[in-house]
Each structure stands twice: as C-alpha cells, then as structure tokens.
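This report goes through a single protein chain, from its overall make-up to a few selected residues. The sequence and coordinates come first.

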Amino acid sequence: MPDWEFNEAAITGLVNAEGVQAAVDTVAAAAEAAAVRACPVDVARLVATISIERDGAGRWVQYGNNTEY
C-alpha cells in the first residue's frame, strides 16, 4: 500500500492556482502570436480578428468571422 493518499480536491484546485493560470496565459499568448505569424501579410483583416478567449480556467485562440478573405 502506498505511503501517500491521492487528494482529488487538491488536484482539481490546481487548475485555478495563480501559477497555473499564469502558465496557461503564457501559452495562450504564444499560440496567438503563432496564429498571427501564420497569416498572410496581405490579409490584415484576418489578423485583426485573432484573439484569446477565456472560459473560466480555459483559454483558446479564436480567429475569423464571416468576412471573405
């Protein structure tokens, strides 16, 4: 038998820990920068639509809209 106990509540709480959220923000910013770099330079309207969206502890990079490029 292990000499430790798994504390599911503590692990679940880590998602919202300040250091973890700072790391998530850093990765989201890097993803946003990569998306901007991947856009053709002649499509500034597309670049202008790139943003980081937040939903609680999660982040995602969103881009585009209904404009034709």
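A polar contact is a pair of N or O atoms within 3.5 Å; within protein, one of the two must be able to donate a hydrogen and the other to accept it. The backbone oxygen of Ala 57 lies 2.9 Å from a polar atom of the Arg 59 side chain, and this distance is the starting point for a closer look at Arg 59 further down. The model is predicted.

**Confidence and overall make-up**

The protein chain has a mean pLDDT of 85, with 90% of its residues at 70 or more. Confidence is highest in helix α2 (residues 18–38), at a mean of 93, and lowest in helix α3 (residues 44–48), at 82. Where pLDDT is low, the predicted coordinates should not be read in detail.

Three helices and two strands make up the elements of the protein chain. Read from the N terminus, their order is α-α-α-β-β. The protein chain has 69 residues, and 12% of them count as buried. Its accessible surface is about 5500 Å², and carbon and sulfur atoms hold 58% of that area. Among contacts in the protein chain with a separation of 6 or more, 33% are between residues 24 or more positions apart.

**The salt bridges around Asp 25**

How many salt bridges are there? The count comes to two. The table gives the closest N and O atoms for each pair.

| Arginine | Acid partner | Closest N–O distance |
|---|---|---|
| Arg 54 | Asp 25 | 2.9 Å |
| Arg 59 | Asp 25 | 2.7 Å |

The pair Arg 59 and Asp 25 links distant parts of the chain, with Arg 59 in strand β2 and Asp 25 in helix α2, 34 residues apart. Through shared partners, the salt bridges join Asp 25, Arg 54 and Arg 59 into one network.

The other pair also spans two elements. Arg 54 forms its salt bridge with Asp 25 at 2.9 Å between the closest N and O atoms. Arg 54 belongs to strand β1 (residues 51–55) and Asp 25 to helix α2, so this pair ties together parts that are 29 residues apart in sequence.

Are the members of the network buried or exposed? Arg 54 is exposed, with a relative accessible area of 53%. Asp 25 is partly exposed at 31%. Arg 59 counts as buried because its relative accessibility is 16% and the cut-off for buried is under 20%.

**The surroundings of Arg 59**

Besides its salt bridge, the side chain of Arg 59 has backbone oxygens around it. A polar atom of this side chain lies 3.4 Å from the backbone oxygen of Gly 56, and the corresponding distance for the backbone oxygen of Ala 57 is 2.9 Å.

Which residues does Arg 59 touch, leaving aside those up to four places away in sequence? They are Gln 21, Val 24, Asp 25, Ala 28, Ile 52, Glu 53 and Arg 54. The list therefore includes both Asp 25 and Arg 54, the residues that share the salt-bridge network with Arg 59.

Gly 56 sits in the loop between β1 and β2. With 63% relative accessibility, Gly 56 counts as exposed. Its C-alpha atom is 8.6 Å from that of Asn 16, although the two residues are 40 apart in sequence.

**A nonpolar surface patch**

Trp 4, Phe 6, Ile 11, Leu 14 and Val 20 form a nonpolar patch on the surface. Together these residues have about 530 Å² of accessible area. One of them, Leu 14, is located in helix α1 (residues 8–14). Leu 14 is partly exposed, its relative accessible area being 45%. Leu 14 can therefore belong to the patch, since patch residues need over 30% relative accessible area.

**The segment after β2**

Gly 64 lies in the segment that follows β2 (58–62). At a relative accessible area of 26%, Gly 64 is partly exposed. Gly 64 and Thr 49 are 15 residues apart along the chain, and their C-alpha atoms are separated by 5.5 Å.

Key:
Residues numbered from 1 in each chain as written. Predicted model: local features only at pLDDT ≥ 70, side-chain atom pairs only at ≥ 80, totals over all residues. Heavy atoms only, no water. pLDDT = per-residue confidence, 0-100. Helix = DSSP H or I, 4+ residues; strand = E, 2+ residues; numbered from the N terminus. Buried < 20%, exposed > 50% of the residue type's maximum accessible area, 1.4 Å probe, protein only. Contact = heavy atoms within 4.5 Å. Areas by Shrake-Rupley, 256 points an atom, 1.4 Å probe, with all protein chains shown as cover. Salt bridge = Lys/Arg side-chain N within 4 Å of Asp/Glu carboxyl O. Patch = residues over 30% accessible without salt bridge, like charges linked within 9 Å, V, L, I, M, F, W, Y side chains within 5 Å.
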